[in-house]
Amino acid sequence: MAMSDSAPLLASLQGINHTYGDVQALNDITLDIPAGMMVGLLGPDGVGKSTLLGLISGARKLQDGQLQVLNGDMRSSAHRKKAGPKIAYLPQGLGKNLYADLSVEENLDFFAKLFGQKSQERALRITQLTKATGLESFLHRPAGKLSGGMKQKLGLCCSLIHDPDLLILDEPTTGVDPLSRRQFWQLIAQIRSQRHQMSVVVSTAYMDEAEGFDWLVAMDAGKVLASGKPQELKNTTGTDDLESAFVALLPLEKRGNTEKLVIPPLEVTTEKPAIIARGITRKFDDFVAVDDVSFEIKAGEIFGFLGSNGCGKTTTMKMLTGLLPISSGEAFLFGKEVDASDMKTRMRVGFMSQAFSLYTELTVHENLLLHARLFHLSTEKTAQRIRALVKRFDLQSQLHTKAQSLPLGIRQRLSLAVAVIHEPEMLILDEPTSGVDPVARDVFWRLLVELSRRDKVTIFISTHFMNEALRCDRISLMHAGKVLVYDEPKHLVAAKQASTLEEAFIGYLEEAIGGKEAPENEEPSAALASIPSEPSTSLMEPLEVASNGSVSTKSTTTDNVFSLKRMLAFSYREIMEVMRDPVRLTFAFIGSALLLLVVSYGISLDVEDLTYAAYDNDRTPQSREYLSHFEGSRYFIKKPSIQSEDDLERRMQSNEITLALEIPAGFGRTLIRGETPSVSAWIDGANTTRAGTIEGYVSGVHVAYLTQLFAEQGYDIDDYANVDLQPRYRYNPTFETIFSMGPKTPAMLLLLFPAILMAVSMAREKEIGTITNFFVTPTTRFEFLLGKQLPYIAIGMINFVTLTLLVVYLLKVPLTGSVTGLMLGAFFYVFAATGFGLLVSSITNTQVAAVFATAILTLMPTVMFSGMIQPTSTLEGGGYIIGTLWPATYYMHLSVAAFTKGLSVWQLMNDIYVLAIFGPVFVVVTALFLKKQEA
Amino acid sequence: MRAWINIYWLGLKELRSVLSDFVMLLLIIYSFSLAIYAQSTATSESVNNASVAIVDEDHSALSRTIANALYPPYFKVPILISPSEIDDAMDSDTYMFVVSIPPNFERDVRKGERPSVQINIDATAVTQASLGNTYIQNIITDEVNHYITRSDEDTEYPVELVQRRAFNPNGTGMWFGAINALLNQISMLTIILTGAALLREREHGTIEHLLVMPLTSFQIVMSKVWANGLIILVSFMLSTFFVVEWILDVPIAGSRLLLFGGTALYLLAAAAIGIFLGTIARTMAQFALLLLMVIIPIMMLSGGLTPIESQPEVIQPVTWLLPSRHYMAFAQAVVFRGANITIVLPEMLKILGLGSAFFIASILLFRRSISVSK
């Protein structure tokens with residue numbers, strides 16, 4: 001490398017390889033990165049930039065090679081713990097590490113807490129940072145409702161809250177409008193001017209941004225192409241601008257078409273506009289996403305849509321495609337009013353949504369084939385189209401690769417190929433080039449131009465890139481739900497007397513913002529400018545001023561040790577999130593209350609109302625006398641008499657009767673003669689438990705008949721009994737099911753609900769990506785797990801109280817034993833339930849899988865093997881083993897003992913001890929599975 | 001015709017998605033093999049291995065005979081305890097039954113003084129308590145009678161009662177357990193699979209992609225229903241053949257074709273419920289909670305744990321709305337009673353009707369749910 005040995009190093013990489021499955025993301029990277037600089041990582045998508053940043057930040061686990069960051073080995077967990085708090089990492093994706101339901105202030109407060117800052121210090125820092133970034137007037141707005149630029153500013157604030165020495169930003173300005181982008185970089189420059197020692201490492205797709213960096217690393221296909229100062233790179237390649245320099249650095253076959261893209265002029269063939277929007281408006285509750293938007297798009301035109309994230313572009317496009325109903329106004333496609341049920345129009349339109357929305361589990365070919373079939377192309381046509389598109393979009397080498405393992409640029413090509421497979425007359429493309437590298441973007445645009453000029457396809461496209469906007473026939477600038485202006489790009493530039501479209505755009509934005517009360521994009525330089533004059537509150541000055549002045553910021557962070565404060569920070573954040581989703585809480589509480597009633601009332605173990613019919617072949621007073629005993633029984637309900645053997649069989653088969661009494665011909669005569677006639681009772685044996693109970697009832701009625709028979713003859717049957725049996729039904733003398741189900745049902749609910757809520761919450765962090773905050777902050781595993789668990793234990797305990805009250809006051813099952821014992825048991829039980837939820841989520845990666853796995857793994861043991869109906873001790877084989885190892889068994893036992901057996905807390909201790917073991921075991925096992933770094 | 005072609009191709013895509021997900025496949029295989037096996041072999045009899053203690057204050061030959069007559073599999077070998085231990089032992093659930101034989105029991109029996117035997121029963125386990133009590137009473141009566149008459153002959157009564165069990169003559173509890181287990185698994189898996197398939201498409205944005213193509217909500221929903229239903233149906237068939245009939249040796253009295261046909265019908269209904277839940281849930285957490293609220297009643301109140309007829313009048317109309325209740329009745333009739341199609345037709349129609357109702361409701365909600373989920 002061209003580095004001088006004397007320069008201090010930020011990071012030194014040697015022979016670093018990184019693979020994901022079969023994909024080699026980084027290939028033998030050796031590189032020295034100087035400290036105290038603004039370092040840019042350039043390169044197309046999927047070349048390993050994010051992986052490299054993840055490794056440097058310590059969020060990703062090093063697989064192969066040597067990596068020194070901040071003068072220490074990143075393999076050593078001791079160094080990572082020491083260096084971690086000095087590194088701040090803003091992952092790719094707008095607001096990916098932010099909590100969408102929490103407000104700006106709550107997000108900042110959470111991050112500050114993770115670094116152990118005291119409340120005074122936190123408040124001071126939050127004020128400073130938000131003031132400097134212009135977020136101060138949005139302190140209470142949920143992060144999810146911020147615009148793209150503001151989200152990134154908030155992300156930056158969160159990263160800066162602990163005065164890092166190294167700031168890592170992964171494509172921070174992708175998807176951000178030009179004005180916000182400019183402000184963002186101004187902010188970074190401002191910070192750096194005050195903290196010279198801070199190094200910044202940024203990856204970006206914007207070459208114009210890279211011009212301003214101190215030092216650059218150009219990457220391709222997991223390798224470093226070149227590194228050095230921007231001027232050095234330009235000099236070596238003999239180019240004037242970085243974009244060309246980068247292309248020149250690429251191997252020949254990857255440079256793409258080096259010819260400059262020339263767009264032939266638009267020939268308007270028809271005066272009829274392809275798309276007309278007249279005052280369309282879309283409201284979400286009280287929020288107006290699109291406000292009175294009107295425009296006309298000519299047939300064959302490339303119409304560009306510009307604006308920051310969240311300004312309403314996507315919503316407008318969705319309304320035009322019929323995905324979202326239009327709140328007011330009207331829109332026409334091909335002269336016909338937009339109608340979601342109009343299949344004919346849909347055949348003429350191709351749509352590409354912002355996120356890749358093809359099936360990632362299908363291959364390129366399968367995706368193409370599926371769509372060809374759904375558009376009902378004939379077999380020959382399908383083959384022909386696929387062949388043509390594969391050639392035109394250069395997909396041949398990836399034809400049988402699954403979409404999930406394609407680089408973004410190729411995915412976008414595939415999306416476009418799919419969108420045009422049915423040769424539509426109109427394409428609606430929502431940010432198709434977002435996150436795509438320059439070469440791939442260029443290829444993509446060549447295709448668009450060809451479609452427009454050669455095939456006369458009308459193209460409605462949204463983008464963030466100014467050079468793309470310049471290629472459109474006309475563009476429209478959108479901001480905060482309104483179209484500011486629409487015209488040809490050159491007219492717009494001229495109208496603002498600007499030199500570039502970007503400048504013109506910024507001009508229009510500032511004009512729009514100036515007129516509004518909300519300083520959404522308030523020029524931050526004003527706030528920043530005031531800072532240097534007040535050194536004590538300067539943006540990046542270490543905060544000695546905090547508290548008594550003697551405590552330095554860093555000393556308050558207690559690394560390596562379990563910190564109660566950090567754990568509670570996670571709990572507090574989780575509680576806030578749960579409170580913001582009242583539907584979930586309501587479901588949890590009302591749902592379990594409802595289930596308690598339905599299940600404990602619905603399960604009746606008293607077998608009653610059994611249907612029976614008599615098959616009386618005798619028809620004498622004697623036989624009728626025998627049968628009359630069944631008619632009087634409260635257990636049986638009489639059905640019309642059976643006429644024949646066939647009738648008997650059919651009616652038993654159809655479940656019309658569960659018992660058939662067959663009295664043989666000559667019953668009466670035989671009885672009178674003193675011989676022993678026999679009566680047959682046919683019992684439906686399908687449900688064995690029920691059959692057993694019925695046998696008991698039938699015997700009972702039979703005995704009652706005999707007793708009466710003897711009595712008529714002057715005997716008392718009791719005299720003949722040799723023994724007097726006295727059954728004593730303990731704990732439930734009236735023998736009502738509710739005394740059993742009342743205490744047991746809550747046991748079932750207190751396991752299932754907390755477990756599944758916990759598992760989903762954890763899986764969500766993984767899926768959305770907020771788990772990165774655990775990787776890159778000094779949080780330990782137990783702080784994270786227990787912190788997340790506590791709120792759900794609290795929810796479980798509240799549920800326990802409500803369910804217990806319902807059981808006592810509504811189901812009228814008295815709680816005769818120790819309340820303390822029951823509560824203590826419930827606490828450990830809910831701890832175990834949430835612990836199990838954590839365990840399941842640690843082995844699953846998506847919320848779907850977490851729900852699937854939790855349901856399958858918890859329902860059966862809880863309902864079947866925990867003694868709900870059948871005591872665990874009477875089970876056999878696997879069921880018995882599962883039951884013994886499942887917490888519900890012990891809590892059900894304890895609950896019954898506390899409610900109906902009236903036991904004291906000491907007598908309940910055995911169950912409580914066992915219950916207390918489960919939770920810690922689950923959490924410890926989860927912690928073993930949970931890695932402090934990404935793979 | 002076009003609609004059905006779309007449904008066919010979309011469904012194929014659906015099949016591919018599920019089959020390429022390794023974790024899902026593993027869970028499905030587990031659910032239809034080990035889970036079924038464990039569940040059906042666990043509950044072999046209602047009274048099984050019940051713990052009994054005997055307080056023998058007589059120490060006679062007769063009292064020992066009674067103790068020896070309580071043997072596995074119904075009861076564990078009885079343990080002798082002292083009278084003072086009864087309360088503690090029952091409180092701590094060490095024994096489900098305690099039989100107290102008083103002093104001079106044998107002598108009193110011989111004298112014909114009808115001594116009392118007390119049976120303490122833990123009535124918190126209702127079914128076992130009542131059945132076990134009957135068994136113990138019969139055993140004691142038999143032993144005492146036997147002791148007096150010194151013969152194996154039963155006492156003669158004027159009328160003899162012969163009880164026979166139809167459809168499962170030996171009362172093998174596993175049969176019923178196996179069918180119940182199958183019902184639980186297919187309900188749970190179908191609902192989760194279809195509901196999750198819908199939610200996943202929504203999360204990945206692919207649903208919007210489908211909705212801008214010339215496809216109707218009906219086609220999208222229907223393709224998910226048939227594909228996921230088919231996966232479960234095939235698993236059900238394999239499980240029936242290999243686990244239920246072959247390994248567990250449960251005979252199927254009726255027509256297998258009819259059983260599978262009815263199951264297919266039920267799966268349509270269950271899948272429709274899954275879609276229905278998937279459309280009303282906005283997030284995965286909400287879906288999980290809704291799922292619990294539906295699946296628990298299905299597992300507990302469909303007639304698999306306790307008979308429908310003993311459910312209280314208030315609850316019966318609620319459980320009538322569960323297609324699983326009618327499917328349970330159908331499956332029992334076909335598997336155990338060998339019922340033919342004319343007998344089970346009413347149940348099948350009910351399943352179809354309820355399934356259609358859920359299906360229509362979910363289609364009506366479908367597009368609305370997409371536009372709400374911004």
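This is a guided tour of a predicted two-chain model, stop by stop.

**Confidence first**

Colour the model by pLDDT. The predictor gives the complex an ipTM of 0.89 and a pTM of 0.84. Chain A has a mean pLDDT of 83, with 92% of its residues at 70 or more. Chain B has a mean of 85, and 95% of its residues reach 70 or more.

Now select residues 1-5 of chain A. Their pLDDT stays under 50. The model has six contacts for them beyond four places in sequence. Move on to residues 516-558 of chain A, where the pLDDT is also below 50. This stretch has 70 contacts in the model beyond near neighbours in sequence. Treat both stretches with the low confidence in view.

In chain B, select helix 9 (residues 206-211), where confidence is lowest, at a mean of 80. Then select helix 11 (residues 256-280) of chain B, where confidence is highest, at 92.

**A hairpin at the start of chain A**

Select residues 9-20 and 23-34 of chain A. These are strand 1 and strand 2, paired in the antiparallel sense over eight bridges. Pick T19(A) and look across: its bridge partner in strand 2 is Q24(A). Two residues separate the strands, and together the strands form a hairpin. G21(A) sits in the turn, with a positive phi of about 60°.

Stay in strand 2 of chain A and click D28(A). Most residues other than glycine have a negative phi. D28(A) has a positive phi of about 50° although it is not a glycine. Is D28(A) buried or exposed? D28(A) counts as partly exposed, because it has 14 C-beta neighbours inside 10 Å.

**Two loop residues in chain A**

Next, select L70(A), in the loop between strand 4 (64-69) and helix 2 (77-83) of chain A. L70(A) too is not a glycine, yet has a positive phi of about 50°. With 20 C-beta neighbours inside 10 Å, L70(A) counts as buried.

Go on to Q92(A). Its place is the loop between strand 5 (87-90) and helix 3 (104-114) of chain A. Q92(A) is partly exposed, as 18 other C-beta atoms lie within 10 Å. Which residues does Q92(A) contact, leaving aside neighbours within four places in sequence? They are S50(A), D170(A) and E171(A). For a distance check, add L266(A), which is 174 residues from Q92(A) along the chain. Their C-alpha atoms are separated by 38 Å.

**A strand residue with a distant partner in sequence**

Select V288(A), in strand 11 (residues 287-298) of chain A. Its 16 C-beta neighbours inside 10 Å make V288(A) partly exposed. Not counting residues up to four places away in sequence, V288(A) touches T281(A), K283(A) and G481(A). Now draw a line from V288(A) to K482(A). The two are 194 residues apart in sequence but 9.9 Å apart in space, C-alpha to C-alpha.

**Where the chains meet**

Show both chains and select the contact between them. Chain A supplies 123 residues and chain B supplies 126 residues. On the side of chain A that touches chain B, helix 25 (residues 688-712) gives the most, with 13 residues. Colour that side of chain A by class: 70 residues are nonpolar, 38 polar and 15 charged.

Then select strand 24 (residues 724-730) of chain A with strand 4 (residues 116-122) of chain B. These strands pair across the chains in the parallel sense, over seven bridges. Within the pairing, Q726(A) stands opposite Q118(B).

**Last stop: helix 1 of chain B**

Select residues 2-19 of chain B. This is helix 1, with 18 residues. Its first C-alpha to its last spans 26 Å, close to the 26 Å expected at 1.5 Å a residue.

Which residues of helix 1 of chain B are buried? Show N6(B), I7(B), L10(B), G11(B), K13(B), E14(B) and S17(B). Turn the view down the helix axis. The buried residues of helix 1 of chain B fall within an arc of 160°, so they line one face of the helix. An α-helix has 3.6 residues a turn, so residues three or four places apart point the same way.

Finally, show what that face packs against. The partners of the buried residues are helix 12 (364-374) of chain A, together with helix 8 (173-204) and helix 10 (217-247) of chain B.

Terms used:
Residues numbered from 1 in each chain as written. Chains lettered and ligands numbered in written order. Predicted model: local features only at pLDDT ≥ 70, side-chain atom pairs only at ≥ 80, totals over all residues. Contact = placed C-beta atoms within 7 Å. Helix = DSSP H or I, 4+ residues; strand = E, 2+ residues; numbered from the N terminus. Nonpolar A, V, L, I, M, F, W, Y, C, P; charged D, E, K, R; others polar. Pairing = 2+ DSSP bridges. Expected span 1.5 Å × (residues − 1). Buried ≥ 20, exposed ≤ 12 C-beta atoms within 10 Å, placed from the backbone. Arc of directions from axis to C-beta. pLDDT = per-residue confidence, 0-100.
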